[in-house]
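Here is an informal walk through one protein model, meant to be read with the sequence and the coordinates open. We start with a bit of vocabulary and then go from the sheets to the oddities in the loops.

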Amino acid sequence: MAGSGRQTGRPTLEEVAARAGVGRGTVSRVINGSPKVSEQAKAAVERAVAELGYVPNRAARALAGSRTDAVALVIPETEARLFAEPYFLDIIRGVSAELAEADKQLLLTLIRSDQERQRFEQYLAAQRVDGVLLVSVHGDDPLPDQVRALGLPAVLNGRRREDEQVSFVDSDNTGAGRTAVAHLAARGRRSIATITGPLDMYVARCRLDGYREGLAEAGLAPDEALVAGGDFTEEGGRAAMRELLDRRPDLDAVFAASDVMAAGARTVLREAGRRVPEDVALVGVDDSAVARHMDPPLTSVRQPIEEMGRTMARLLLQEIAAPGEPDEQPRRMLPTELVVRASS
């Protein structure tokens, strides 16, 4: 079909749904033999399938009662970052544990270039996995939508935007920023800075929103000189901390949007002769091993990372077993909590 954007001439799940006058999820349920479909809808889908000649590989396997029993976990980062940041390892641990219990194979995929992205899209088009889990997805990343267009279930770790249409598992990131600032203000800190994550990521914008809400609730005036951008890496934390000290040498607290960036900030504060927490209090997010092993140990807003991984896998397995309508895509928001240590 000219202009359809598809790489092959095969009809899509969406075209079958449009021809049958039902939702995409209903088509998936009929193809997968689910009993949760009316006889009328089933007949309409079967008629549309016959008229369009829709017989994708995945559907043929499903009709034969078999699947690949494999799930892809996609992390668009380098090996260096994957193994340097406890966050990713905790997510993998949770996902792996849940899939092992379901006797599913985990395919870990790192995407570091456009070529690797294209190769992975071709792999998905060959229907070699039953579903996809995506971690660390930026706001402009089309991959989640491409996965769904192929008729594959997908679950995100976090969201790309407020109105995310793909299933996701997230934590209360706005609450994390608000809680951190409330804690620092309660300890008498008045020049509270923040090191943000990359602002093309919804998680980073939410933590920044929470920081600003926390300032307002504490009666502290916002000051953009106290906001520096980071990238969730230790080096990013160091660069942002240097920037903040140059701009506002009088700052007395820092909320870093990740423990790893807080570790980078801690190094710069030490080099500058600033004591933690006497001169500058420090709070991170994640409550990772990095927080526990810092000197002094880092106060951090804990998010249940391993449980997030487990929940992602659980939702994906449910969707594989019984595909739902697009407006029924599951979403989970997990709570965060402050863990107070010696850095604040």
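Two strands count as paired if DSSP finds at least two bridges between them. Helices (H or I, at least four residues) and strands (E, at least two) are DSSP runs, numbered from the N terminus. The model is a predicted one, with local features needing pLDDT of at least 70 and side-chain atom pairs counting only at pLDDT 80 or more, while totals for chains, interfaces and linings use all residues. Residues are numbered from 1 along each chain as its sequence is written, and side-chain values use heavy atoms, with hydrogens and water left out.

**Overall picture**

The protein has 14 helices and twelve strands. Its C-alpha atoms fill a box of roughly 75 × 40 × 35 Å along the principal axes. Of the 344 residues, 55% are buried; here buried means under 20% relative accessible area, exposed over 50%, and partly exposed in between (1.4 Å probe, protein chains only). As for contacts (heavy atoms within 4.5 Å), take those with a separation of 6 or more: 70% of them are between residues 24 or more positions apart.

**The parallel sheet**

One open sheet has six strands in the order β2-β1-β3-β4-β5-β11, with parallel pairing. Its edge strands are β2 (105-110) and β11 (331-334), each pairing on one side only. From one strand to the next, the twist averages 15 degrees. For this and other angles, axes are lines fitted to C-alpha atoms, for helices over the stretch in contact, and angles run from 0 to 180 degrees between N-to-C directions.

Have a look at β4, residues 154-157. A154 and L156 point one way from this strand, V155 and N157 point the other way, and all are buried. Which strands does β4 pair with? β3 (residues 131-135) is a parallel partner over four bridges, and β5 (residues 167-171) is a parallel partner over three. On the β3 side, L133 stands opposite V155, and L134 has L156 as its bridge partner. Towards β5, N157 is matched with V169.

β3 and β4 also belong to a right-handed β-α-β unit, with helix α8 (residues 143-149) as the middle piece. Right-handed here means that, with the strands pointing away from the viewer, the path from the first strand over the helix to the second runs clockwise. Another helix, α7 (residues 114-125), lies across β1 (70-75), β2 and β3, at about 155 degrees to β2.

**The mixed sheet**

The other open sheet listed here has six strands too, in the order β7-β6-β8-β9-β10-β12, but with mixed pairing. β7 (227-229) and β12 (337-339) each have a single partner strand, so one side of each is left without a neighbour in the sheet. Neighbouring strands are turned by 20 degrees against each other on average, direction ignored. β10 and β12 run antiparallel and are joined by three bridges, with V301 and L338 as bridge partners. Helix α11 (residues 234-247) packs on this sheet, where it touches β6 (192-196), β7 and β8 (253-256), and its direction makes about 150 degrees with that of β7.

**Space inside**

How many cavities of 30 Å³ or more are there? The count comes to three. A cavity is a set of points, on a 1 Å grid over the protein atoms alone, where a 1.4 Å probe fits but cannot get out; lining residues have an atom within 4 Å of a point. Grid points are joined across faces, edges and corners, and a volume is the space filled by probe spheres set on the points. The largest cavity holds about 340 Å³. It has 27 lining residues, and the closest to its centre are Y87, N157, M201, V203 and F232. α6 (86-101), β4, β5 and α10 (202-217) each supply at least two residues of that lining.

**Backbone oddities in the loops**

Two cis peptide bonds and two positive phi values are worth a click.

| Site | Backbone value | Loop |
|---|---|---|
| V276 to P277 | cis, omega near 10 degrees | P277: between α12 (259-271) and β9 (281-286) |
| D295 to P296 | cis, omega near -5 degrees | P296: between α13 (289-293) and β10 (299-302) |
| D69 | phi of about 60 degrees | between α4 (57-63) and β1 |
| D103 | phi near 60 degrees | between α6 and β2 |

Are the two aspartates buried or exposed? D69 is partly exposed, with a relative accessible area of 36%, whereas D103 is exposed at 66%.

Note on methods
1 Å grid on protein atoms, 1.4 Å probe; cavity = no way out; pocket = protein on both sides within 12 Å on 5 of 7 lines; lining within 4 Å.
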